[in-house]
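Hi everyone, thanks for making time. I'd like to walk you through one structure this morning, so please have a look at the screen.

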Amino acid sequence: MNPMLNIAIRAVRKAGNIVAKGFERRDDIQTNQKSTNDYVTNIDKAAEAAIIEIIRKSYPEHTIIAEESGASEGKESDIQWVIDPLDGTTNFVKGLPHFSISIAVRVKGRTEIAVVYDPIRNELFTAVRGEGAKLNEYRLRIDNSSELTGAILATGFPFKIKRYVPIHLNMVSALIEDCADFRRTGSAALDLCYVAAGRVDAYFEMGVKAWDCAAGDLIVREAGGLVTDFVGGHSYLTKGNIVAGSARITKQILAKLQPCLTDEIKN
C-alpha cells in the first residue's frame, strides 16, 4: 500500500473513533459558532488534533491545511495534507448520523491520495491517482451512460453566502425540469463519494471549501467521473463552485446552469 495512503487511513480511523464516541455521548458535545450558520465542536478539534499528530509522526516536514487550525507549514511545502476532521458538523450536532472525515494529499498542486471515512457506517472511500477508487475493498466505477433525465442529484444550499441563494434556487428550478429528484445530505465529501459509488447520479454546490471537496474530487475522477466548476473549468478547489458526475450528465448539467450564472460566478 502507498505509505501516505496508509497514514491517511490510520488518521481517519483514529479521528473516526473520536467522532463516533462523541456522537454517542451527546451531553459532552460543546458547540461554538464560527460565523453565521457555521459551527465547530470540541469533537471537531479533538479529531483534527489526532489526525495532525499521526501525520506529524511520519511526515514532520509536510504542510498541513486543516479546517479548524488553518495552515501548519512544514519544511517541505510541496506536499500538502488537506484535512476536514468532521464534514457535516451541523448533522453531528443535531444527532443526524451522516458526516465524514476527509483527507487529501496534494503534491505540487495535484491531488495524489484521497480518503473519506464515514465512521457511523464504517465506509472507507479511497483513491490513489492513476490507480482507481474504492469503497472498502470494492472497486468503484461510475456509469457513463447516465442521463440528466430521471437522475437523482445531490446538492447543498449556500447557507454561508446568502447572496448566492437566489442563484442556487434558479439552478434547482432549471434542473428539476429534467431530473427526478434532489438529495441534500449535509456532507459535501460524502456527496462526492456517493457519486463515485452510484448512489446519486451527480452533485453540484456553490461556495464549498477545498477541505470539503479535495478528497472527494479525486475519488470521483478515479471512479471515471468528471469534476468541473460551473463553466467547465478547474477552479472548483479555489472558487468553491463544483459539479461532479459522469462526463455525459455533467455536461448536461452545465448546459442547464449557464443561464443562471452571474458574471461573478462565471469569472
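I'll begin with the whole chain, then go to some strands, and finish with two residues.

Before anything else, please keep in mind that this is a predicted model.

Okay, the overall picture. The protein chain has nine helices and 15 strands. Its radius of gyration is 18 Å, close to the 18 Å that the globule rule gives for 267 residues, so the chain is as compact as a globular protein of that length. If you want a box to put around the C-alpha atoms, think roughly 50 × 40 × 35 Å along the principal axes.

How much of the chain is buried? Of the 267 residues, 53% count as buried. As for the outside, the chain exposes about 11800 Å², and carbon and sulfur atoms supply 48% of that area.

Now contacts. Take the ones between residues at least 6 apart in sequence: 62% of them join residues at least 24 apart. And for the charge people here, there are 33 positive and 34 negative charges, and their mean positions are 2 Å apart.

Right, on to the strands. Let's follow β8, β9 and β10 along the chain. Strand β8 covers residues 123-128 and β9 covers 132-135, and the two pair in the antiparallel sense over four bridges. If you'd like one pair to find on the screen, Thr126 has Lys134 in β9 as its bridge partner. Together β8 and β9 make a hairpin with three residues between them. Look at Gly130 in that turn: it has a positive phi of about 85°.

What does β9 do next? It pairs with β10, residues 138-140, again in the antiparallel sense, this time over three bridges. Here the pair to look for is Leu135 with Tyr138 in β10. This hairpin has two residues between the strands, and Asn136 takes a positive phi near 55°.

While we're on strands, a general reminder: in a regular strand the side chains alternate between the two faces of the sheet.

Next up is β11, residues 152-156. Is this strand enclosed or open? Four of its five residues are buried, so β11 is largely enclosed by the rest of the structure. β11 pairs with β12, residues 181-183, in the parallel sense over three bridges. The bridge partner of Ile152 in β12 is Asp181.

Staying around there, let's pick up Pro158, which lies in the loop between β11 and α4. Pro158 has 3% relative accessibility, and because buried means under 20%, it counts as buried. Which residues does Pro158 touch, leaving aside neighbours within four places in sequence? Those contacts are Tyr164, Val165, His168 and Met206. Leu192, on the other hand, is 34 residues away from Pro158 in sequence and 17 Å away in space, C-alpha to C-alpha.

My second residue is Arg13, which lies in helix α1, residues 3-24. At 32% relative accessibility, Arg13 counts as partly exposed. Leaving out neighbours within four places in sequence, Arg13 is in contact with Tyr117, Asn122 and Leu124. Leu124 brings us back to β8, since that strand covers residues 123-128. One last distance: Arg13 and Ala47 are 34 residues apart along the chain, and their C-alpha atoms are separated by 9.9 Å.

That's my tour, so over to you for questions.

Definitions and conventions: Residues are numbered from 1 along each chain as its sequence is written. This is a predicted model: local features need pLDDT of at least 70, side-chain atom pairs count only at pLDDT 80 or more; totals for chains, interfaces and linings use all residues. Side-chain values use heavy atoms; hydrogens and water are left out. Two strands pair if DSSP finds at least two bridges between them. The radius of gyration is taken over C-alpha atoms; the globule rule is 2.2 Å times the number of residues to the power 0.38. Buried means under 20% relative accessible area, exposed over 50%, partly exposed in between (1.4 Å probe, protein chains only). Contact means heavy atoms within 4.5 Å. Accessible areas come from the Shrake-Rupley method with a 1.4 Å probe; for residues, only the protein chains shown count as cover. Lys and Arg count as positive and Asp and Glu as negative; His and the chain ends are not counted. The place of a charge is taken as NZ of Lys, CZ of Arg, CG of Asp or CD of Glu.
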